[in-house]
Amino acid sequence: MDKTHNLRHLLTELIRTHDLESKMLEQKVFALWPELLQTLFGTLRGSALGRKTVPVSLSNGILKIYTEYPAYKNALSFEKPKILTALNTELGKPVLTDLRVEIKAELHKTEDQSSSPKTPKEDSILGNTHPVTPEQLEKIEQALASVPDAELKKSLWQLFTTQSKDKP
């Protein structure tokens, strides 16, 4: 067996034994958000929605989205059933039950910032419900340094940065 297979098996077992499967599915929502909007609404409209809306939390099946623009709030609210169905289909099980869209002023300070690609660190901090300290970020980086799979590393990064105020 190669090291990647062993690592995947170990992580799968760790996730199962610590009952983190639902949390992993929840984190996948944050990663899927911009791509899903493009798929549902087309490249032009979906890209704009993806850049100008930010999933900020997922709790008890309710996905909270922030946007600066009332028109985007209306568009997402109008398409809520379609979005929930698509996300749950992509996740393979009914994780989401509701979508709440709130207006939040100054989500993006400049147009250039909002259109630049985000790193996993930036994505997870935007999706966080609490701040992550530099010490926690350092511990997370050390823990993930040996993970070769980029997608797995990104998912674990998001999971670790959103799960605990005290420990990554």
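How many bridges join strand 1 to strand 2, and do the two strands run parallel or antiparallel? In this predicted model, strand 1 and strand 2 run antiparallel and are joined by six bridges. One pairing that can be followed residue by residue is that of proline 55, whose bridge partner in strand 2 is isoleucine 65.

The connection between these strands deserves a closer look. Strand 1 covers residues 53–59 and strand 2 covers residues 62–67, with asparagine 60 lying in the loop between them. The hairpin that the two strands form has two residues between the strands, and within this hairpin asparagine 60 takes a positive phi near 50°, although asparagine 60 is not a glycine. With a relative accessibility of 72%, asparagine 60 counts as exposed, because exposed residues are those over 50%.

A positive phi also occurs in a loop between helices. Aspartate 19, which is not a glycine either, has a positive phi of about 50°, and this residue lies in the loop between helix 1 (3–17) and helix 2 (21–41). Aspartate 19 is exposed, its relative accessible area being 59%.

From strand 2 the reader can move on to strand 3, since strand 2 and strand 3 pair in the parallel sense, again over six bridges. Here lysine 64 has arginine 100 in strand 3 as its bridge partner. The side chain of arginine 100 is in turn joined to the side chain of aspartate 98 by a polar contact of 3.1 Å.

Aspartate 98 itself is found in strand 3, which spans residues 98–103. Is aspartate 98 buried or exposed? Its relative accessible area is 17%, and because buried means under 20%, aspartate 98 is classed as buried. Leaving aside residues up to four places away in sequence, aspartate 98 touches Gly61, Ile62, Leu63, Lys80 and Leu84.

Among those neighbours, Lys80 leads to the last part of the picture, as Lys80 is in helix 5 and takes part in the contact with helix 4. Two packed helices are described by the angle between their axes and the distance between the axes. For helix 4 (residues 70–78) and helix 5 (residues 80–91), the axes come within 4 Å and cross at roughly 65°, which means that helix 4 is roughly perpendicular to helix 5. In this contact Leu76, Ser77 and Phe78 of helix 4 meet Lys80, Pro81 and Ile83 of helix 5, and by class the contact has four nonpolar residues, one polar residue and one charged residue.

Technical notes
Residues numbered from 1 in each chain as written. Predicted model: local features only at pLDDT ≥ 70, side-chain atom pairs only at ≥ 80, totals over all residues. Heavy atoms only, no water. Axes fitted to C-alpha atoms, helices over the stretch in contact; angles between N-to-C directions. Parallel < 35°, antiparallel > 145°, perpendicular 65-115°, else oblique. Contact = heavy atoms within 4.5 Å. Nonpolar A, V, L, I, M, F, W, Y, C, P; charged D, E, K, R; others polar. Buried < 20%, exposed > 50% of the residue type's maximum accessible area, 1.4 Å probe, protein only. Polar contact = N/O pair within 3.5 Å; in protein donor to acceptor, adjacent residues only side chain to side chain. Pairing = 2+ DSSP bridges.
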